[in-house]
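Colleague: Hey, got a minute to walk me through this one?
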Amino acid sequence: MNSIKDLISSIEGGVPFAAAVCRVSDRAVYKWIKRNRLPRTEYSNETSYAKKLEVASKGKVLASDLLQQTKHKQTA
């Protein structure tokens with residue numbers, strides 16, 4: 001399983017691009033990387049960052065892979 005860091009790094013433009021796509025700060029994305037999960041709001045369907053990143057990366061990063069990290073971390 002890839003880490004959030006690996007997944008975001010594989011997107012052309014990396015952290016700044018992911019932040020722009022999700023309309024959050026670079027710092028917010030670095031927090032995701034540090035915690036190796038997306039924010040709680042993604043898991044509770046309040047946001048759709050994973051889907052936005054999948055679309056922006058043209059399928060290189062899958063929303064299911066990003067969400068798997070979140071689910072894995074939440075249940076641990």
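Modeller: Sure, let's begin with helix 3, which spans residues 26-35 and has Lys34 in it. Keep in mind that this is a predicted model.

Colleague: Okay, is Lys34 buried or exposed?

Modeller: Lys34 is exposed, because its relative accessibility is 75% and anything over 50% gets that label.

Colleague: And which residues of helix 3 are buried?

Modeller: Those are Val29, Trp32 and Ile33. Looking down the axis of helix 3, the buried residues fit within an arc of 100°, so they line one face of the helix. The face turned away from that buried side carries Arg27 and Lys34, both exposed.

Colleague: I keep seeing Lys and Arg there. What kind of surface patch do Arg27 and Lys34 belong to?

Modeller: A positive one. Lys31 and Arg35 help form that patch along with Arg27 and Lys34.

Colleague: Let me zoom out. How many helices and strands are there?

Modeller: The protein has six helices and zero strands. Going along the sequence, you read α-α-α-α-α-α.

Colleague: And what share of the residues is buried?

Modeller: Of the 76 residues, 32% count as buried.

Colleague: Back to charges. How many salt bridges does the whole structure have?

Modeller: Searching the whole structure turns up one salt bridge. Glu46 pairs with Arg40 in a salt bridge, and their closest N and O atoms are 2.7 Å apart. As a rule, side chains of opposite charge can pair when their charged atoms come close.

Colleague: Is Arg40 buried, exposed or partly exposed?

Modeller: Partly exposed, because Arg40 has a relative accessibility of 46%.

Colleague: What about the loop after helix 3, where does Leu38 sit?

Modeller: Leu38 is in the loop that runs between helix 3 and helix 4, and helix 4 covers 40-43. With 0% relative accessibility, Leu38 counts as buried. The C-alpha atoms of Leu38 and Tyr49 are 8.1 Å apart, while the two residues are 11 residues apart along the chain.

Colleague: Tyr49 is in helix 5, right at residues 49-56. Which residues of helix 5 are buried?

Modeller: Tyr49 is one of them, together with Ala50, Leu53 and Glu54. They cover an arc of only 135° around the axis, which means they sit on the same side of helix 5.

Colleague: Last one: what does Lys58 do just after helix 5?

Modeller: Lys58 takes a positive phi there, about 55°.

Technical notes: Residues numbered from 1 in each chain as written. Predicted model: local features only at pLDDT ≥ 70, side-chain atom pairs only at ≥ 80, totals over all residues. Heavy atoms only, no water. Buried < 20%, exposed > 50% of the residue type's maximum accessible area, 1.4 Å probe, protein only. Helix = DSSP H or I, 4+ residues; strand = E, 2+ residues; numbered from the N terminus. Arc of directions from axis to C-beta. Patch = residues over 30% accessible without salt bridge, like charges linked within 9 Å, V, L, I, M, F, W, Y side chains within 5 Å. Areas by Shrake-Rupley, 256 points an atom, 1.4 Å probe, with all protein chains shown as cover. Salt bridge = Lys/Arg side-chain N within 4 Å of Asp/Glu carboxyl O. Lys, Arg positive; Asp, Glu negative; His and termini not counted. Charge placed at Lys NZ, Arg CZ, Asp CG, Glu CD.
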